[in-house]
Amino acid sequence: MKAAAFSSIGPPEVLRIMEFEDPQAGPGEVRVKVRSAGVQPADCAVRGTGWTPPPLTLKQPQIVGNEFAGTIDQVGEGVAGFSPGDAVLGWSLLACYAEYVVVSTDQIVRKPESMSWEEAGVLSASGQTAHTALEQLRVGAGDTVLIHAAAGGVGTFAVQIALALGAKQVIGTASERNHDYLRSLGAVPVLYGPGLVDRVREIAPEGVDAALDAAGEEALRASVELVNDRSRVGTIASFEAVPELGVLAIRSQRSQSRLNELVRLYEQGMLQIHISHAFPLSEAAKAHRLVETGHARGKTVLVID
């Protein structure tokens with residue numbers, strides 16, 4: 001099979017299309033012919049710094065990618081509930097920029113017919129991170145929620161999930177060019193940068209109940225000023241500041257049930273999936289360059305023929 005991989009850590013250009021042996025489904029597993037794969041900042045970190053999600057370590061060469069959608073073409077011994085030809089979406093760490101991926105059946109769910117392949121390929125990673133974060137921050141009915149980097153991949157999902165959970169108001173930080181986009185999602189946009197705390201207080205004079213930082217330490221420190229209960233402030237971007245500030249370090253907790261819940265929200269019209277850019281697998285390096293700018297709205301996806 002063909003896959004986008006690298007043999008040395010470095011800039012996006014180290015990603016190359018390489019040939020690998022076709023993987024085979026073992027007991028309890030399925031092989032999926034991949035149609036699309038989401039591109040994550042974490043993928044860029046793997047390629048650019050050698051970071052890997054525990055307990056994995058780098059191989060030489062190393063395929064990247066951790067979310068996908070495609071069609072099952074092989075099932076292993078003991079598999080029940082899935083058959084060849086089923087359209088699915090799911091996750092697999094350091095494996096998805098490829099023509100085939102093998103996963104356990106508890107890492108996939110069925111793709112709704114109404115969901116495009118591009119949408120399905122970008123739901124699992126950022127969607128589950130956002131869902132995990134709002135669960136840990138105990139977001140619920142009547143809350144005012146602040147989400148930093150609200151126009152990004154995780155932020156776009158977090159805004160919509162917070163509203164689906166019953167939040168009264170969602171305030172999202174973003175550059176001015178993304179303010180209309182945030183309004184379309186149901187958020188109240190606010191410009192990030194100096195004076196942010198005062199701007200948020202003008203929007204929410206009764207206070208902010210919970211805050212999610214997906215932007216960086218400056219945003220996290222602003223959140224601490226705005227939210228009284230630090231157990232309801234969390235970050236996915238500023239882990240080094242967590243011990244000092246006493247806030248939550250949030251890491252995605254992926255599960256089949258969580259992914260099914262996201263699919264349910266999509267089918268009920270409560271979750272839009274915004275694709276900003278789609279690239280062929282051969283342009284994985286170009287996709288990484290875009291994601292590394294930090295300015296891509298919504299999600300970036302690789303399309304695999």
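**Exercise 1. Follow strand S6 and its partners.**
Which strands pair with S6 in this predicted model, and over how many bridges?

*Solution.*
Step 1: Start with strand S5, residues 68–75. S5 and strand S6 (residues 87–90) are joined by 4 bridges and pair in the antiparallel sense.
Step 2: Pick out one bridge. Ala69 has Leu89 in S6 as its bridge partner.
Step 3: Now go on to strand S8, residues 108–110. S6 and S8 run antiparallel too, with 3 bridges between them.
Step 4: Look at Leu89 again. Val109 in S8 is its bridge partner, and Ala69 is a bridge partner of Leu89 as well.

**Exercise 2. Put a small sheet in order.**
In what order do the 3 strands of the antiparallel open sheet stand, and which are the edge strands?

*Solution.*
Step 1: Read across the sheet: the order is S2-S1-S4.
Step 2: Check the ends. Strand S2 (16–19) and strand S4 (62–63) each pair on one side only, which makes them the edge strands.
Step 3: Zoom in on one pairing. Strand S1, residues 2–6, meets S4 over 2 bridges in the antiparallel sense.
Step 4: Find a facing pair. Ala5 stands opposite Ile63 in S4.

**Exercise 3. Look for cis peptide bonds between H1 and S4.**
Where are the cis peptide bonds that lead into Pro55 and Pro61?

*Solution.*
Step 1: Take the bond from Pro54 to Pro55. This bond is cis, and its omega is near 5°.
Step 2: Take the bond from Gln60 to Pro61. This one is cis as well, with omega near -5°.
Step 3: Place the residues. Pro55 is in the loop between H1 and S4, and Pro61 is found in the loop between H1 and S4 too.

**Exercise 4. Describe how two helices cross.**
At roughly what angle do helix H1 and helix H10 cross, and which residues meet there?

*Solution.*
Step 1: Know what to look for. Two packed helices are described by the angle and the distance between their axes.
Step 2: Get those values. The axes of H1 (residues 41–49) and H10 (residues 284–292) come within 9 Å and cross at roughly 110°.
Step 3: Name the arrangement. H1 and H10 are therefore roughly perpendicular to each other.
Step 4: Add the handedness: the crossing of H1 and H10 is left-handed.
Step 5: List the residues. From H1 come Pro41, Asp43, Cys44 and Arg47, and they meet His288, Val291 and Glu292 from H10.

**Exercise 5. Work across the parallel sheet.**
Which strands stand at the edges of the 6-strand open sheet, and which helix lies across S9, S10 and S11?

*Solution.*
Step 1: Write down the order, S11-S10-S9-S12-S13-S14, with parallel pairing.
Step 2: Go to the edges. Strand S11 (188–191) and strand S14 (248–249) each have a single partner strand, so one side of each has no neighbour in the sheet.
Step 3: Look at S14 and its partner. Strand S13, residues 233–235, pairs with S14 in the parallel sense over 2 bridges, and Thr235 has Ala249 in S14 as its bridge partner.
Step 4: Find the helix. Helix H6 (residues 196–203) lies across strand S9 (144–147), strand S10 (169–174) and S11, and runs at about 155° to S11.

**Exercise 6. Check the aromatic rings.**
How many aromatic pairs does a search of the whole structure find, and which rings have an arginine over them?

*Solution.*
Step 1: Count the aromatic pairs: the search finds 0 in the whole structure.
Step 2: Turn to Tyr100. Arg31 lies over its face, 4.7 Å from the ring centre.
Step 3: Turn to Phe239. The charged end of Arg251 sits over this ring, 4.1 Å from its centre.

Notes
Residues are numbered from 1 along each chain as its sequence is written. This is a predicted model: local features need pLDDT of at least 70, side-chain atom pairs count only at pLDDT 80 or more; totals for chains, interfaces and linings use all residues. Side-chain values use heavy atoms; hydrogens and water are left out. Two strands pair if DSSP finds at least two bridges between them. Rings of Phe, Tyr and Trp (its six-membered ring) pair if their centres lie within 6.5 Å; planes under 30 degrees apart count as stacked, over 60 as edge-to-face and the rest as tilted. A charge sits over a ring if NZ of Lys or CZ of Arg is within 6 Å of the ring centre and within 35 degrees of the ring normal. Axes are lines fitted to C-alpha atoms, for helices over the stretch in contact, and angles run from 0 to 180 degrees between N-to-C directions. Angles under 35 degrees count as roughly parallel, over 145 as roughly antiparallel, 65 to 115 as roughly perpendicular and the rest as oblique. A crossing is left-handed if the near helix is turned anticlockwise from the far one by less than a right angle, and right-handed if clockwise. Contact means heavy atoms within 4.5 Å.
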